[in-house]
Structures are given as C-alpha cells and as structure tokens.
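Trainee: I should like to go through this structure with you, beginning with its strands and then turning to its internal spaces.

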Amino acid sequence: MKKVFALLLCLSLVLSLAACGSPNEAKEVKTVKEGKLTVAFSPDFAPMEFVDLTKEGQDQYVGFDVTLAKFIAENLRLQLVLVPMSFEACQKAVADGTVDMSISGFSWSEEREQEYNLSDYYYATINEDAQVLITLASNGDKYASAENLAGARIGVQNASLQKDLTEEQLPDSELIQFENLDDAVAQLLSGELDCLAVADGNADAIIAAHPEIAKSGFQFVVTEKQTGNLILMQKGNDELTELVNNILSKAKMYYETWYADARATAGIETSYDDDGNPITD
C-alpha cells in the first residue's frame, strides 16, 4: 500500500511540474498564419534592421531587431516570417491584424499606447535612445544649434519619433517626410536636404557607409518614456503580449552581443574597453 501511495505521489509531482512549465510551452499561440510568427519591419534602419546584400531571401534581413524576432519565434516554437514594408505600413499592418507584430525600432508615443498593445521595453544601447541630426561633413558645425536650424530642410521618416521631435523642438525648420530612409540619405547627399533626423546608432551606420556625412552636433531632448524600444502588437492581444514579455526578460543577457554583432555587420567600427566589452556609446 505504501509503495502504491509513493508511486501516486511521484506521479502527482510529475504532473504538477509539467503544468508549471514555462508559459511558452504551456500555451498554444494563436497567430495570423498557423505555425508561423509574421513580423513586419522596415529594413532601412541599420544596425537595428537592414539588408545584407550578400544574402538572399529571408536570410538577407539582419540586425538587432531581426535577431530578437528570431529569438521570440524560437521560444514560441513558431516559424519566423519577416515581412518587409515601410515604417508607417508596419504600424498599419499590426492595427489591421495582417501580421502578428512589428519589431522595427519603435519608441513609445501616446498614440501608440492607445492604438496597440505594447511590449515591455527592450534596450539595444544608449545609441538607439539618443536622437540626432546628420548633415554633410562639409557643413561643419553650421547646424549644431536650434537657432541655426531655423529654415533648414530636415528630412524625417513618416510616423517616426524623429518626426515628432523635429515638429516639437525645431518648429521653424522645413519638415520633409520620407517613406524610406535610404531615399532621405540620397537627398541629403545630393544637397536637397540640409539635415536628416535619425537615431544615433542609425547615424553611425549611415556615416560608416557614407564618410561624407557627419553628425551636425545637434541632439534632441527625449523623455524617459521615449528611451528604449517596444514591440507593437494588435490592441487586445493580451496573451501574445504576455508571452513576448516573458521572452524579453530572458533575452536581456544577449542584447549587448546582438547589438555589437549588428554594428559589425553594418560596417560600424566598435571600440572595446580593457575587459573586452564593446563600447558603443
């Protein structure tokens, strides 16, 4: 009798432990396409997401956010499908429910908080928190101050944090909006723009590819809520949001390595401290 009781007790403990497995294992995730995680992103924002021209298909998409998307899909035991589109279209796709989420260097905004389920913050480095202006290196410090930027033609990406910051902090400038940052860089190089508003890490990637471009010396003021990045999911999709947040808590230990790898792939030189840790700020 004692042996039977012991066996029943052991069986009960095993079943209990199985029921207490990670949320990712215990729940079956409902997605737009069964067995797949569709992630919209705008691959014009190195080192967060960009195209490696030496590769093809889904493998050509690289960067910190792409690595994060792969990590999330693996933990959800789903096949990752990356869906490239414009930054503004990414947000519409999430709202319309045609993709499961968008991971594309999103910052917090009041509008996004109202329209989407937002993940917990994830942090690449301080480079992605700082927001700056880039200009032709030949301009020197011509556009280093707000006063000198009155009337300047400043490029911004549609529906971006940089657009909001430029409107708020440089109201006397001429705002020129772009769907694609690559097009904006081309106009900056041709002299059709005076400056382009970008995240500091993106500025590093653009300058690495175009040495004739430099940071202007101007930096936007950002609030604490506007630092760090967020994943956008459809409003009301609380189950997926909870699972993603659990995965983000596990991913933290990899952020520094992922970001250094993304910078290296984008051709950005990274310095290292005495302990061999990458210095990216």
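Mentor: The questions below concern a predicted model.

Trainee: Is strand β5 enclosed or open, judged by how many of its six residues are buried?
Mentor: Strand β5 covers residues 101–106. A residue is buried when its relative accessible area is under 20%. Because this holds for six of the six residues, β5 is largely enclosed by the rest of the structure.

Trainee: Which residue in β12 stands opposite Met 101?
Mentor: Strand β5 pairs with strand β1 (residues 36–41) in the parallel sense over two bridges, and there Ser 102 is the bridge partner of Ala 40. Strand β12 (residues 230–234) runs antiparallel to β5, joined by three bridges. In that antiparallel pair, the residue opposite Met 101 is Met 233.

Trainee: Which residues of β10 are buried on one side, and which on the other?
Mentor: Five of the five residues of β10 are buried, and the strand is mostly covered. Both faces are therefore to be listed as covered, with Cys 195, Ala 197 and Ala 199 on one side. On the other side the buried residues are Leu 196 and Val 198.

Trainee: Which residue of β10 is the bridge partner of Ile 134?
Mentor: Strand β7 (residues 131–136) runs antiparallel to β10, with four bridges between them. Strand β8 (residues 153–157) runs parallel to β10 and is joined to it by two bridges; in this pair Gly 155 stands opposite Leu 196. In the pairing with β7, the partner of Ile 134 is Leu 196.

Trainee: How much space lies in the largest cavity?
Mentor: Rolling a probe the size of a water molecule over the atoms shows where empty space is left. The count comes to two cavities of 30 Å³ or more. The space in the largest cavity is about 170 Å³.

Trainee: Which element gives the largest share of the lining of the largest cavity?
Mentor: There are 21 lining residues, and those closest to the centre are Phe 45, Phe 87, Ser 104, Gly 105 and Gln 162. By type, the lining divides into eight nonpolar, 10 polar and three charged residues. At least two residues each come from β5, α6 (161–169) and β10. The largest share, three residues, is that of β10.

Trainee: What is the division of the second largest cavity's lining into nonpolar, polar and charged residues?
Mentor: The second largest cavity holds about 30 Å³ of space. Its lining consists of Val 39, Phe 41, Glu 49, Asp 65, Val 66, Ala 69, Leu 82 and Ile 103. Two or more of the lining residues are given by β1 and by α3 (64–76), and α3 has the largest share, with three. The division is six nonpolar, no polar and two charged.

Trainee: Which residue's backbone oxygen lies 3.2 Å from a polar atom of the side chain of Ser 216?
Mentor: Ser 216 is found in strand β11 (residues 213–219) and is buried, with a relative accessible area of 3%. Beyond four places away in sequence, Ser 216 touches Leu 133, Ile 134, Thr 135, Gly 140, Asp 141, Tyr 143 and Ala 144. The backbone oxygen at 3.2 Å belongs to Tyr 143.

Trainee: Which residue with a positive phi follows α10?
Mentor: Helix α10 covers residues 255–265, and its buried residues are Tyr 255, Trp 258, Tyr 259, Ala 260, Ala 262 and Arg 263. After the helix comes a residue with phi near 85°, namely Gly 267.

Key:
Residues numbered from 1 in each chain as written. Predicted model: local features only at pLDDT ≥ 70, side-chain atom pairs only at ≥ 80, totals over all residues. Heavy atoms only, no water. Buried < 20%, exposed > 50% of the residue type's maximum accessible area, 1.4 Å probe, protein only. Pairing = 2+ DSSP bridges. 1 Å grid on protein atoms, 1.4 Å probe; cavity = no way out; pocket = protein on both sides within 12 Å on 5 of 7 lines; lining within 4 Å. Points joined across faces, edges and corners; volume = space filled by probe spheres on them. Nonpolar A, V, L, I, M, F, W, Y, C, P; charged D, E, K, R; others polar. Polar contact = N/O pair within 3.5 Å; in protein donor to acceptor, adjacent residues only side chain to side chain. Contact = heavy atoms within 4.5 Å.
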